[in-house]
Amino acid sequence: MSSTTSDSIRVAGIVNDSIVDGPGLRITIFMQGCLRNCPGCHNPEAMDMAGGQEYTVEELFEKIQANPLLDGVTFSGGEPLLQAKVLVPLARRIKEAGLSLAVYTGDTLEGILMRGDKDTLALLGYVDTLIDGPFLLAERSLALSFRGSGNQRVLDVKKSLEAGVPVEDECWGRR
């Protein structure tokens, strides 16, 4: 996936104290921009590539640091991987702060690895958990934790990259 060309991060919205975008208390940053147009998308306002608000890495990191009770940060969307290049410095700061990092993407891990985009791979180097796969309205389920449709997977990125195949994240599981 291509990245934005500026140093700013385009954000559709920020949810503090989220308990639905991963385990524990998290801040969820919804990235602006998506090209998928999935029927039934729960964030259609985040699709416009020119919408949202621009933030610097420092501005976003200050928002993260403002809550000392956080267990982690989640990048959702829109499509976060479209901004992979500008998210790498923020991801690095998040990990240096001892927080977990999760990323939602409409892509699959296999597709990401096959393309081999250096910015996306650099971002994955900081990601603990990847929730991959497009939202499919036909597989929508309210019974799934942290996912909208049954085709989406919750992956342990480090174990997946080491094994060369997707490995489910045992902490998040398929609850």
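A residue is called buried when its relative accessible area is under 20%. With that cut-off in mind, this tour of a predicted model moves from the whole chain to strand β4 and then to its surroundings.

**The whole protein**

Begin with everything displayed. The mean pLDDT of the protein is 91, and 94% of the residues reach at least 70. The C-alpha atoms occupy a box of roughly 35 × 30 × 30 Å along the principal axes. A compact globule of 175 residues would have a radius of gyration near 16 Å, and the 15 Å of the protein agrees with this. Of the 175 residues, 47% are buried. The exposed area comes to about 8400 Å², with 55% of it supplied by carbon and sulfur atoms.

Switch to a cartoon view. Five helices and seven strands are present, and from the N terminus they follow the order β-β-β-α-β-α-β-α-α-β-β-α. Among contacts with a separation of 6 or more, 64% are between residues 24 or more positions apart.

**Residues 1-5**

Select residues 1-5 next. Their pLDDT remains under 50, although the model gives them 19 contacts beyond four places in sequence. Where pLDDT is low, the predicted coordinates should not be read in detail.

**Strand β4**

Now select residues 72-76, which form strand β4. Why is this strand largely enclosed by the rest of the structure? Five of its five residues are buried, so the surrounding structure largely encloses β4. Show the side chains as well: V73 and F75 point one way, while G72, T74 and S76 point the other way, and all of them are buried.

**The neighbours of β4**

Add residues 26-31, strand β2, which runs parallel to β4 and is joined to it by five bridges. To find a point on this pairing, select F30, which is opposite S76 in β4.

Then add residues 100-104, strand β5. Four bridges pair this strand with β4, again in the parallel sense. Here G72 has S100 in β5 as its bridge partner. Include helix α2, residues 84-96, and the selection of β4, α2 and β5 shows a right-handed β-α-β unit.

**Strands β1 and β3**

Return to β2 and extend the selection to β1. These two strands are antiparallel and pair over five bridges; I14 has I29 in β2 as its bridge partner. Strand β1 itself covers residues 9-18, and three bridges join it to the antiparallel strand β3, residues 53-55. Select R10 to locate this pairing, as its bridge partner in β3 is E54.

**Three backbone details**

Most residues other than glycine have a negative phi, and most peptide bonds are trans. The following stops depart from that pattern.

- Select G77 and G78: the peptide bond between them is cis, with omega near 10 degrees. G78 is in the loop that lies between β4 and α2.
- Select N37, a residue other than glycine with a positive phi, near 55 degrees. N37 sits in the loop between β2 and β3. Its relative accessibility is 52%, so N37 counts as exposed.
- Select F146, where phi is also positive, near 65 degrees. The loop that holds F146 lies between β6 (129-132) and β7 (153-156). Is F146 buried or exposed? F146 counts as buried because its relative accessibility is 12%.

Key:
Residues numbered from 1 in each chain as written. Predicted model: local features only at pLDDT ≥ 70, side-chain atom pairs only at ≥ 80, totals over all residues. Heavy atoms only, no water. pLDDT = per-residue confidence, 0-100. Contact = heavy atoms within 4.5 Å. Buried < 20%, exposed > 50% of the residue type's maximum accessible area, 1.4 Å probe, protein only. Pairing = 2+ DSSP bridges. Right-handed = clockwise from strand over helix to strand, strands pointing away. Rg over C-alpha atoms; globule rule 2.2 N^0.38 Å. Areas by Shrake-Rupley, 256 points an atom, 1.4 Å probe, with all protein chains shown as cover.
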